[in-house]
Amino acid sequence: MEDMFRFADDFGPARIIHICRPSLALKAIVVIDNTACGAGIGGVRMAPDVSVEECFRLARAMTWKNAAAGLPHGGGKSVIFGNPRMAGALKEQLIRAFADGIRDITDYIPGPDMGTDEQCMAWVKDEIGRAVGLPAALGGIPLDEIGATGFGLAACVDVASEFIGLDLKGARIAVQGFGAVGKHAALFLAQKGALLVAASDTGGTLADPSGLDVGALIALKEAGRSLNDHDKGSKLAADTILDIDCDIWIPAARPDVVRADNVSRLRTRLMVQGANIPCTPEAERALHERGVLVIPDFIANAGGVICASVESRGGTQRAAFDDIDERIRANVRTVLEESRRQKALPRAAAVALAERRVRAAMQTRRWR
């Protein structure tokens, strides 16, 4: 019994739900963390090596992310065990079966995440009538297609760079995970004058200190090819992205890619976390002690959930971009000013901000 509640604290999780359909080889986990601020919004992640712990940590990140952004939503997350590159028909079957499994979990609103996309959310919507990050044809705001999270990361970098005296014009950026989040972050930052000097995907790292053509790399990825198929730049091992000398390092891949055993390899001034939980607490603390400014995931990458919240209220794409820009800029400034005053890690300041908002919401609830 004790082990079942190993994640429990003052904030949750309210429920951990296992979904299993053996005839379809469907295994999934849903974590509803805290819904004091409203129904939980959180993505549906598909990967072969997900776990209950990862799902809980992601759900908790969503609790803080929604609260820190001042959204009327709580935290939830789901993971499906499987290869996201499986055949389309099989993936549709699994997603639809998963949707049926969450039909009665009405305080959870699913959205796209790593391994799922707008089409997956269209299948979920068709099955149970609720999802965000829908295709535009269904009246949604396709957050991955328009780059909502990447746009928010660029706004975050804009504010954070002021705190370290970094001029974005000519600033060197490296992106780990050149996918839906990473490629848009690189594009929006390039439009501000930054220089992409390295990017990685599952096939390896592509680097060029004189700068890479962001548009060409995006076209390559959209054609289903690897960064290493590009005809320019040095082709390196995937984890070499850790060693690239840069001003801004953006992790936009899996959890825990920066750990105590590899954090010393990073050579950057600013880390803006595009992925959820990409850095262990020990590694984050080590970076802080070295003078590297680290903007926590749930502050930096809130663009996607802000967009989803706008969509859930019937808002427009323009309204979503305006809301992302306003909320992320204000939150980054608040967190960094508080961090400076308290001489604390930015994450500690960010968690304190989110906790205050969640506790205030919990005081209005019958069951606290």
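## Report on the predicted fold and its salt bridges

Residues 24 or more positions apart supply 67% of the contacts in the chain that have a separation of 6 or more. The structure described here is a predicted model. Its chain contains twelve helices and twelve strands.

### Overall dimensions and surface

For 368 residues, a compact globule would have a radius of gyration near 21 Å; the chain has 20 Å and therefore agrees with that expectation. The C-alpha trace spans about 55 × 50 × 40 Å along its principal axes. Of the 368 residues in the chain, 57% are buried. The accessible surface of the chain amounts to about 15200 Å², and carbon and sulfur atoms account for 50% of this area.

### Strands β6, β7, β8 and β10

Strand β6 covers residues 172-176, and because four of these five residues are buried, β6 is largely enclosed by the rest of the structure. Two pairings of β6 are described here. With strand β7 (residues 195-201), β6 pairs in the parallel sense over five bridges. With strand β10 (residues 248-251), β6 also pairs in the parallel sense, over four bridges.

Individual residues show how these strands are aligned. Ile173 stands opposite Leu196 in β7. Gln176 stands opposite Ser200 in β7, and Gln176 also stands opposite Pro251 in β10. In a regular strand, side chains alternate between the two faces of the sheet.

The connection from β6 to β7 involves helix α6 (residues 180-191), and the three elements form a right-handed β-α-β unit. Strand β7 is itself mostly covered, with six of its seven residues buried.

Beyond β7 the chain enters strand β8 (residues 204-207), which pairs with β7 in the antiparallel sense over four bridges. A hairpin of two residues joins β7 to β8. Within this pairing, Ser200 stands opposite Thr205 in β8. Ser200 is thus placed opposite Gln176 of β6 as well as opposite Thr205 of β8.

### Thr240 and its surroundings

Where does Thr240 lie? Thr240 is located in the loop between β9 (234-236) and β10. Its relative accessible area is 18%, under the 20% limit, so Thr240 counts as buried. When residues up to four places away in sequence are set aside, Thr240 touches Thr205 and Arg265. Thr205 belongs to strand β8, where it stands opposite Ser200. Arg265, the other contact of Thr240, also takes part in a salt bridge with Asp239.

### Salt bridges

The structure holds 34 salt bridges. Three of them are listed below, with the N to O distance of each pair.

| Salt bridge | N to O distance |
|---|---|
| Asp107 and Arg15 | 2.5 Å |
| Glu54 and Arg254 | 3.5 Å |
| Arg265 and Asp239 | 3.4 Å |

In the salt bridge between Asp107 and Arg15, Asp107 lies in the loop between α2 (88-101) and β5 (108-112), while Arg15 lies in strand β1 (residues 15-21), so the pair ties together parts that are 92 residues apart in sequence. Asp107 is partly exposed, at 21% relative accessible area. Arg15 is also partly exposed, at 32% relative accessibility.

The salt bridge between Glu54 and Arg254 links distant parts of the chain, with Glu54 in helix α1 (residues 52-68) and Arg254 in the loop between β10 and β11 (270-272), 200 residues apart. Are these two residues buried or partly exposed? Glu54 is buried, with 9% relative accessibility, whereas Arg254 is partly exposed, with 24%.

In the salt bridge between Arg265 and Asp239, Arg265 lies in the loop between β10 and β11 and Asp239 in the loop between β9 and β10, so that distant parts of the chain, 26 residues apart, are linked. Arg265 is partly exposed at 27% relative accessibility, and Asp239 is partly exposed at 43%.

Salt bridges also join residues into a network. Which residues are linked in it? They are Arg21, Glu92, Arg96, Asp100, Arg103, Asp126 and Glu127.

Definitions and conventions
Residues numbered from 1 in each chain as written. Predicted model: local features only at pLDDT ≥ 70, side-chain atom pairs only at ≥ 80, totals over all residues. Heavy atoms only, no water. Buried < 20%, exposed > 50% of the residue type's maximum accessible area, 1.4 Å probe, protein only. Pairing = 2+ DSSP bridges. Right-handed = clockwise from strand over helix to strand, strands pointing away. Contact = heavy atoms within 4.5 Å. Rg over C-alpha atoms; globule rule 2.2 N^0.38 Å. Areas by Shrake-Rupley, 256 points an atom, 1.4 Å probe, with all protein chains shown as cover. Salt bridge = Lys/Arg side-chain N within 4 Å of Asp/Glu carboxyl O.
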